[in-house]
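Please open the model in your viewer and keep the sequence panel beside it. The stops below are meant to be selected one after another.

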Amino acid sequence: METYFESGIGTEIKMPCQNQQLNNNDRQEHAAMSSTKQVRFASCGNSVLTESNRDAEVAETCENVFNSELQRQIGSQLKLLPLNDQIRELQTIIRDKSTSRGDFVFCADRLIRLVVEEGLNQLPYSECTVTTPTGEAMEQGLRDCCRSIRIGKILIQSDEDTQKAKVYYAKFPPDISRRKVLLMYPILSTGNTVIEAVRVLTEHGLQPKHIILLSLFSTPHGAKSIIQEFPEITILTTEVHPVAPTHFGQRYFGTD
């Protein structure tokens, strides 16, 4: 059973799954509220879920069934972005009539980017072979998605000969030990720098299971090294390949 709210908050409206029958009371309630604009309430920030985990799973199953049936009726030409909590949150904020214009534009731009990127993914491509030559490249991307997120800094330099990482600077929010952390490192090669960064975070009381490493490209060796050192950490990357584009930083910042 799905739970909906008027404008994100307010009166609860329960909608049946397609294979469920309305009882008399539900029919009356549904008829009375059918003209109300309905939007999905996404859990975000300090919001409290009003459905149990089981009900949430049933609601998601109903939605998946509905989308599958819709695509079957219309045909394979209809393509839907895979739904996740981020997309539901953006849809909810955009539909909410109480959303400020600043938040509306911000969320609309994010949703536009997701749709455009998936659109690009639908275009044909041809394989090619390229030769790859090697700051804070990912921070702006994070700020573009989360304007009010707290940012910490770790400055680590690796010795070119020994590849040993040395920490020169670290500054975190005072409550870092109680947070979940997105650790961003664009190119994961040996994994030594990230391992040292995680050690610094653990020294400040953060548990590895609360760290999600975001990387653009990773080598198998780098990923394995980090997970062997910290089995509870999560790594999110676009590619795992023996050859990493180590020229990324120079090209991104124009220092090549």
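The tour starts with confidence and then moves through a sheet, a core, two helices, a hairpin and a loop.

This is a predicted model, in which local features need pLDDT of at least 70 and side-chain atom pairs count only at pLDDT 80 or more, whereas totals for chains, interfaces and linings use all residues. Residues are numbered from 1 along each chain as its sequence is written, and side-chain values use heavy atoms, with hydrogens and water left out.

Colour the chain by pLDDT, the predictor's confidence in each residue, from 0 to 100. The mean for the chain is 74, and 71% of its residues reach 70 or more. Confidence is lowest in strand β1 (residues 2–5), with a mean of 34, and highest in α6, at 94; helices (H or I, at least four residues) and strands (E, at least two) are DSSP runs, numbered from the N terminus. Over residues 1–50 pLDDT stays under 50, and the model has 68 contacts there beyond four places in sequence, a contact being heavy atoms within 4.5 Å. Where pLDDT is low, the predicted coordinates should not be read in detail.

Next, select β6, β8 and β10, which form an open sheet in the order β6-β8-β10 with parallel pairing; two strands pair if DSSP finds at least two bridges between them. The edge strands, each pairing on one side only, are β6 and β10 (234–236), and the twist averages 25° from one strand to the next. Between β6 and β8 there are four bridges, and leucine 183 has leucine 213 in β8 as its bridge partner. Add α6, which lies across β6 and β8 and runs at about 150° to β6 (axes are lines fitted to C-alpha atoms, for helices over the stretch in contact, and angles run from 0 to 180 degrees between N-to-C directions).

Now show the side chains of the largest nonpolar core, which has 19 residues, those with the most contacts inside it being Leu183, Val194, Val198, Leu201, Ile211 and Ile226. Such a core is a set of buried Ala, Val, Leu, Ile, Met, Phe, Trp, Tyr and Cys residues joined through side-chain atoms within 4.5 Å, where buried means under 20% relative accessible area, exposed over 50%, and partly exposed in between (1.4 Å probe, protein chains only). At least two residues of this core come from each of β6 (181–184), α6 (192–203) and β8 (211–214), and α6 gives the largest share, six residues. Centre on valine 198, which, leaving aside its neighbours within four places in sequence, is in contact with Leu183, Ile211, Phe230 and Ile233.

Move to helix α7 (residues 220–229), where Gly222, Ala223, Ser225 and Ile226 are buried. Seen down the axis of α7, these buried residues fall within an arc of 160° and so line one face of the helix, the arc being that of the directions from the helix axis to the C-beta atoms. They pack against β7 (187–188), α6, β8, β9 (217–218) and β10, whereas the face turned away carries the exposed residues His221, Lys224 and Gln228.

For an antiparallel pair, select β4 (residues 153–158) and β5 (residues 165–171), which share six bridges. The two strands form a hairpin with six residues between them, and glutamine 163 in the turn has a positive phi of about 65°. Serine 158 has alanine 165 in β5 as its bridge partner.

Finish at proline 242, in the loop between β10 and α8 (248–253). Proline 242 counts as exposed, at 62% relative accessibility. Leaving aside its neighbours within four places in sequence, proline 242 is in contact with Thr219 and Pro220, and its C-alpha atom is separated by 7.7 Å from that of histidine 221, 21 residues apart along the chain.
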